[in-house]
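Student: Hi, could you walk me through this one? I'd like to ask things as they occur to me, if that is all right.
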Amino acid sequence: MAEKACHGVGSATQVGLTQALGEQIDENIVELIRPRITDHHGIYKGQADLDFAIQFFDEDIPLYVDPFLLWNSPSQQDQALHTAITNSFNYLNFLSKKGKPELAIDILVSLSECDEVGLGVSKTRKGSKISRAQAQEILNLFRDIPEYSQFGFTHFEIIQLYIQGISKDRISDFSCNYIKSFLIDYTTEQCEINDIPIEGVILDSVYNYQKNALDINQKAYLPVNPVSKEPIIFTPKRWLRFNPWINYEDYFKSHCPRDEVFNPNEPVERVKVLNFNRENYGVVEQYIEYKVKTSVDCKNDPLFSQIPVLSAKRKLADILKLDTGKEDGADMKYEDLSADLMASLFYPHLDFAQTQSRTESGRHIRDLIFYNNRDIDFLDEIFADYDNRQLVIEMKNVKKIDREHINQLNRYLQGGIGRFGIFLTRNPLPKAMFQNTIDLWSSQRKCIIALTDEDLRLMVDVYESKQRAPIEVLKKKYIEFRRSCPS
Amino acid sequence: MNKNDVDIFEKLSGQLLSVYEEISLLSKKSPNDAVNKFKLKFVNRLIGASNEYLSEKYRPFDDFEVFDEDDVPQNSDVVFILSQYIQCFEKLRSDNVVVGVGGWYWYVEGEDGDSTDEHGMIKIKTVKPKKLKD
């Protein structure tokens, strides 16, 4: 598949296009906060609109490919991919029995890390491979447990229950590496659909299902990280979970016969459980049977899920009860509550990027940063008129916004953040400060608007009643502001 | 005013009243909730037709045309405005009705074929002006 992708897709035109676009866009990369590949390339689609998980350039997405989701998928393609993963994994047993354990270990070590997919918790998008000793331990399972030796694994993620140091990230990486060839094709296809530039890259290795071996230094056409130039591979959202359906913690919590594993008052050690599992294949098998039976409940985890209406109302009530100022950490509480609330209220029109802390002129400032997906007219307008590739909301639990607050936000409004910024504060701007923002618009075409408790209340009301979208309240504030500006 | 105006009056005032009653119910439950775009479209259509019908003399506010969808009007806003229109419709009616045998009547211009009085006017049965007490 990868070969097909290489030959079929990689045309000189595309490489040329990438170069041209890359040169235009690269200068903007530093300006975006927590940049994503789509925003970087000027593709303004929200996560909800895309089939794949949008990758960040500087850190991993904290989700994992769960092979069980492929097995459980109604799609024959996904099921076939699961079969490919399982067959490929069981082939290690064949290699081992044919006197090639070193080759099997080489393959396992190589497949144990897949940086290109950007999944996990790494802050640098770089992980480390397993040791040869650990790979040997995995291989020993085929030798030590007769069932696996004879029939192989049906859900290879079960190795988490036998081997110390193998957890969800490794399972995800093994899975991705075994089907990397498919993922390359998938990435190319998604890039074509969404006009994401791709370019020729050399991948260290791609698993060849036909030969059950690794093809080294394979050329492929993929999107790249504009900073590190490392290739990027997309994964479908439907395969991602925070924890695999079959995992050690779940097993230990509800299926592990602890009284058989530990003596009374003995410290709970994972190694003991793993050793017990190796000697009691039946217990693990029963766990798998149970997980298969309950597989109807196995769903992928969304990359972002909105808070329920009840929770939104509670958070609003907590905010309204808070005093202004810093007494009893009111400012921190206000910021925490607001962050949760705003991220949900604006979804899916604005994807939440992160909260950001900064200090300016000795004042501590906390912002909420959103990606501007431009999917409604108002967001498109602020992109066009104010260059907002992202949107900043500065949270201020103060009674009155003063001149210095406005100056601080004004100084911050540049680059990818654009010239449109929002204060989330308790009360409307005092008249003089409102006039200040009008003057700012008149002189510099910068727009600062204030969302207040009242606006927040309306946003939560419409969030509950679904009569309008909460983002429309923001639009309303903007329109009110523009009506006050000189024509 | 003529017979046709009375027809239009009855249609518009009836619609205003029913929309007012509907949105009043919503407003009692959650006065600060926004009115959705679908309802707002028809409220605006009704208000637009009323503005045209009432003319400057009877319009409740000369600087209010229709609701701006982008202002995210709330239930209580819509109820407030509709109640003003209902009042103004009633004012127009009060100015064009007379008491006669058996109750109150519109007193409007007749058309060819109508049995008009000496002033060319006809009477159409209506109800008593609401501001009058029994």
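Student: Let's start with Asp328(A): is that residue buried or exposed?

Tutor: This is a predicted model, and in it Asp328(A) counts as exposed because the number of other C-beta atoms within 10 Å is 10, while the cut-off for exposed is 12 or fewer.

Student: Where along the chain is Asp328(A)?

Tutor: Asp328(A) sits in the loop that lies between helix 15 (309-321) and helix 16 of chain A. Its phi is positive, about 55 degrees, although Asp328(A) is not a glycine. As background, most residues other than glycine have a negative phi.

Student: And what is phi like at Arg445(A)?

Tutor: Arg445(A), again a residue other than glycine, has a positive phi near 55 degrees. It belongs to the loop between helix 19 (431-444) and strand 9 of chain A, and it counts as exposed, with 12 C-beta neighbours inside 10 Å.

Student: Which peptide bond is cis?

Tutor: The bond from Tyr347(A) to Pro348(A) is cis, with omega near 5 degrees, and Pro348(A) is in the loop between helix 16 and strand 5 of chain A.

Student: Strand 5 takes me to the sheet, then. What is the strand order?

Tutor: The sheet is open and has 5 strands, in the order 5-6-7-8-9 of chain A, with mixed pairing. At its edges are strand 5 (350-360) and strand 9 (447-451) of chain A, each of which pairs on one side only. From one strand to the next the twist averages 25 degrees.

Student: What packs on that sheet?

Tutor: Helix 21 (residues 471-484) of chain A packs on the sheet, where it touches strand 5 and strand 9 of chain A. The direction of helix 21 makes about 125 degrees with that of strand 9 of chain A.

Student: You said mixed pairing, so which strands run antiparallel?

Tutor: Strand 5 and strand 6 (residues 363-372) of chain A run antiparallel and are joined by 10 bridges, and one bridge partner pair between them is Asp351(A) with Tyr371(A). Strand 6 and strand 7 of chain A also run antiparallel, joined by 6 bridges, and there Phe370(A) has Leu391(A) as its bridge partner.

Student: And which run parallel?

Tutor: Strand 7 and strand 8 (residues 420-425) of chain A run parallel, with 5 bridges between them, and Lys396(A) is partnered there with Thr425(A). To get from strand 7 to strand 8, the chain passes through helix 18 (residues 403-412) of chain A, in a β-α-β crossover that is right-handed.

Student: Why is strand 7 of chain A largely enclosed by the rest of the structure?

Tutor: Strand 7 (residues 390-396) of chain A is largely enclosed because 7 of its 7 residues are buried. Gln390(A), Val392(A), Glu394(A) and Lys396(A) point one way, whereas Leu391(A), Ile393(A) and Met395(A) point the other way, and all are buried. In general, side chains in a regular strand alternate between the two faces of the sheet.

Student: Which residues is Ile393(A) in contact with?

Tutor: Leaving aside neighbours within four places in sequence, Ile393(A) is in contact with Met342(A), Asp367(A), Leu368(A), Ile422(A) and Leu424(A). Ile393(A) is also among the residues that touch the most other members of the largest nonpolar core, which has 68 residues; Leu82(B) is another one of these. The largest share of that core, 7 residues, comes from helix 16 (residues 330-345) of chain A. There is also a second, separate core of 67 residues, including Phe68(A) and Tyr178(A).

Student: Changing topic: is His155(A) buried or exposed?

Tutor: His155(A) is buried, with 20 other C-beta atoms within 10 Å, and it is found in the loop between helix 8 (146-151) and helix 9 (168-178) of chain A. Apart from neighbours within four places in sequence, its contacts are Phe68(A), Trp71(A), Ile246(A) and Ile288(A).

Student: Last thing, how many residues does the contact take from chain B and from chain A?

Tutor: The contact takes 9 residues from chain B and 12 residues from chain A. On the chain B side, the residues divide into 3 nonpolar, 3 polar and 3 charged.

Notes
Residues numbered from 1 in each chain as written. Chains lettered and ligands numbered in written order. Predicted model: local features only at pLDDT ≥ 70, side-chain atom pairs only at ≥ 80, totals over all residues. Pairing = 2+ DSSP bridges. Helix = DSSP H or I, 4+ residues; strand = E, 2+ residues; numbered from the N terminus. Axes fitted to C-alpha atoms, helices over the stretch in contact; angles between N-to-C directions. Contact = placed C-beta atoms within 7 Å. Right-handed = clockwise from strand over helix to strand, strands pointing away. Nonpolar A, V, L, I, M, F, W, Y, C, P; charged D, E, K, R; others polar. Core = buried A, V, L, I, M, F, W, Y, C linked by C-beta atoms within 7 Å.
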